[in-house]
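This briefing is about how two parts of one chain meet and how charged side chains pair within the chain. Please look over the sequence and the model before reading on.

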Amino acid sequence: MTFEAGVPTPEILASDHLLAAWLAETAGRRLLEVRATSGLEGKELKDAGDLAAHELLMELVAEHRPEDGVLSEEGKDSKERLTQDRVWIIDPLDGTREFSEPPRDDWAVHVALWASSNGGELIAGAVAQPALADASLQSTFHTGVAPVVPPSTSARPRIAVSRSRPPAFVEALAEELGAELVPMGSAGVKMMSVVRDISDAYVHAGGQYEWDSAAPVAVAAAAGLFTSRIDGSPLRYNQDDVYLPDVIVCRPELSEQILSFIKRHGVE
């Protein structure tokens with residue numbers, strides 16, 4: 001089967017925000033095709049999805065933004081990006097484990113754009129969750145039309161955590177806040193869960209890279225959520241060392257409590 005990416009409209013091509021969303025959605029369609037038609041399972045399915053989405057995104061960025069640099073989880077990191085004015089930061093498949101376990105929908109595609117203007121910032125981003133089962137649900141979140149975060153529907157705070165055992169410091173944080181833990185898959189899905197009022201905070205420490213958080217952080221910030229590293233400092237992207245191990249995304253009213261807890265107790 002030959003995948004047809006289609007051609008973005010002039011309106012999409014004129015907007016980095018809309019192009020980011022189109023790229024994420026198109027890669028998402030490719031991943032759904034791999035999942036449905038490859039006949040693969042487990043690690044083979046993970047690897048096939050990662051590679052298919054990566055190759056497609058590299059081809060599309062080269063075609064539609066040929067002057068820009070790219071940093072992708074699945075690509076070789078060319079340090080040339082450090083001298084470029086614009087760099088796309090991409091995670092072709094965030095949540096490979098969940099992708100390889102149909103019909104799970106808690107995996108995502110991340111596409112963000114960093115620019116050197118204003119000291120170097122994320123200027124566009126999109127997170128696609130193409131497997132969301134309910135067609136009535138929004139499945140792509142992007143900075144072109146910033147999501148509106150609804151008022152919390154929960155009587156107590158909710159913290160998004162990994163499906164496996166949450167870190168001890170997050171359990172202690174939840175106890176202090178009177179919060180409940182909400183397990184789910186990929187990092188992007190966790191951050192978008194705050195946007196979607198499925199959780200109220202995502203607090204992570206202990207091992208991520210720029211592509212894990214760039215697009216979700218761009219979307220969350222555009223939606224008015226609080227974003228930072230665990231010490232409260234800004235998240236910086238397109239760095240020489242792409243290791244960016246910690247992040248907070250939360251409703252603004254929770255940020256001081258979370259940062260205060262971490263300052264007092266650490267993350268061990």
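The notes below cover the domains, their interface and a selection of salt bridges.

The model is predicted. The domain assignment splits the protein chain into domain 1 (10–142) and domain 2 (158–265). Between them the two domains bury about 2300 Å², and a search of the whole structure finds 18 salt bridges.

**Domain layout and contact**

- Domain 1 covers residues 10–142, and domain 2 covers residues 158–265.
- The distance between the C-alpha centres of domain 1 and domain 2 is 21 Å.
- To the contact, domain 1 gives 35 residues and domain 2 gives 25 residues.

**Buried area**

- The size of an interface is often given as the accessible area lost when the parts come together.
- For domain 1 and domain 2 this area is about 2300 Å², with 60% of it on carbon and sulfur atoms.
- On the domain 1 side, the residues that lose the most area to domain 2 are Ile89, Leu122 and Phe141.
- Together, Ile89, Leu122 and Phe141 account for 20% of what the domain 1 side buries.

**Polar and charged pairs across the interface**

- There are 3 salt bridges across the interface of domain 1 and domain 2.
- A salt bridge joins the side chains of Asp240 and Lys79, with an N to O distance of 3.1 Å.
- Between domain 1 and domain 2, 13 residue pairs are in polar contact, counting pairs with both residues at pLDDT 80 or more.

**Make-up of the domain 1 side**

- The elements of domain 1 that give two or more residues to the side touching domain 2 are the strands β1 (69–72), β2 (86–94), β3 (108–115), β4 (121–128) and β5 (140–142), along with helix α4 (96–99).
- By class, this side of domain 1 holds 17 nonpolar, 7 polar and 11 charged residues.

**Salt bridges within helices**

- In helix α2 (residues 16–37), Arg30 and Glu33 are 3 residues apart, about one turn of the helix.
- Arg30 and Glu33 form a salt bridge, and their closest N and O atoms are 2.6 Å apart.
- Arg30 has a relative accessible area of 23% and is therefore partly exposed, whereas Glu33, at 14%, is buried because it falls under the 20% cut-off.
- In helix α3 (residues 42–64), Asp47 and Lys43 are 4 residues apart, again about one turn of the helix.
- The salt bridge between Asp47 and Lys43 has its closest N and O atoms 2.6 Å apart.
- Lys43 counts as exposed because its relative accessibility of 59% is over 50%, while Asp47, with a relative accessible area of 38%, is partly exposed.

**A salt bridge between distant parts of the chain**

- What do Asp68 and Arg86 form? Their side chains meet in a salt bridge, with N to O at 3.0 Å.
- This pair links distant parts of the chain, 18 residues apart: Asp68 lies in the loop between α3 and β1, and Arg86 lies in strand β2.
- Asp68 counts as buried at 12% relative accessibility, whereas Arg86 counts as partly exposed at 23%.
- Asp16, Arg65, Asp68 and Arg86 are joined into one network by salt bridges that share partners.

Technical notes: Residues numbered from 1 in each chain as written. Predicted model: local features only at pLDDT ≥ 70, side-chain atom pairs only at ≥ 80, totals over all residues. Heavy atoms only, no water. Domains from an automatic or database assignment. Contact = heavy atoms within 4.5 Å. Buried area = accessible area lost by both parts, 1.4 Å probe. Salt bridge = Lys/Arg side-chain N within 4 Å of Asp/Glu carboxyl O. Polar contact = N/O pair within 3.5 Å; in protein donor to acceptor, adjacent residues only side chain to side chain. Nonpolar A, V, L, I, M, F, W, Y, C, P; charged D, E, K, R; others polar. Buried < 20%, exposed > 50% of the residue type's maximum accessible area, 1.4 Å probe, protein only.
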